[in-house]
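Student: Could we go through this model together? I'd like to begin with the charged contacts and then move to the overall build.

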Amino acid sequence: MLSPAADFTQRTLAVLPNTTYRIWLIGAIYGFLLMSGVLPLVVVGWLATTLAPALTVPAFGRGLVQAGGQVLALVSAVLGAF
């Protein structure tokens, strides 16, 4: 009659993958993928609701145009120095 080796069970269980580690790793990957897709949408939604009142004020638009003009003047001065 055949019987398995005395340490067969311990060797077999030692070779099997660690399921707890795999579960945590897969969970972390799914969490990252979820957050990488959902988090930008949440941030954009928050910015849209926060900045919407400011964007309707005409002075805010003029200020943005003036700031953009100053940035362009700065960039052209820096590039002109070369």
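Tutor: Let me fix the term before we count, bearing in mind that this is a predicted model: a salt bridge here is a side-chain nitrogen of Lys or Arg within 4 Å of a carboxyl oxygen of Asp or Glu.

Student: OK, how many salt bridges does that rule give?

Tutor: The count by this rule comes to one salt bridge, and the partners are Arg 11 and Asp 7, whose closest N and O atoms lie 3.4 Å apart.

Student: And how accessible are Arg 11 and Asp 7?

Tutor: Arg 11 has a relative accessibility of 46% and therefore counts as partly exposed, while Asp 7, with a relative accessible area of 38%, is also partly exposed.

Student: Switching topic, which elements does the chain have, and how many?

Tutor: There are three helices and zero strands in the chain, and read from the N terminus the order of elements is α-α-α.

Student: Is the chain compact or spread out?

Tutor: Its radius of gyration is 30 Å, whereas the globule rule gives 12 Å for 82 residues, so the chain is more spread out than a compact globule. Along the principal axes, the C-alpha atoms fill a box of roughly 95 × 40 × 10 Å.

Student: What share of the residues is buried, then?

Tutor: Of the 82 residues in the chain, 0% are buried, where buried means under 20% relative accessible area.

Student: And what is the accessible surface of the chain?

Tutor: The accessible surface comes to about 7,500 Å², and carbon and sulfur atoms account for 77% of that area.

Methods: Residues numbered from 1 in each chain as written. Predicted model: local features only at pLDDT ≥ 70, side-chain atom pairs only at ≥ 80, totals over all residues. Heavy atoms only, no water. Helix = DSSP H or I, 4+ residues; strand = E, 2+ residues; numbered from the N terminus. Rg over C-alpha atoms; globule rule 2.2 N^0.38 Å. Buried < 20%, exposed > 50% of the residue type's maximum accessible area, 1.4 Å probe, protein only. Areas by Shrake-Rupley, 256 points an atom, 1.4 Å probe, with all protein chains shown as cover.
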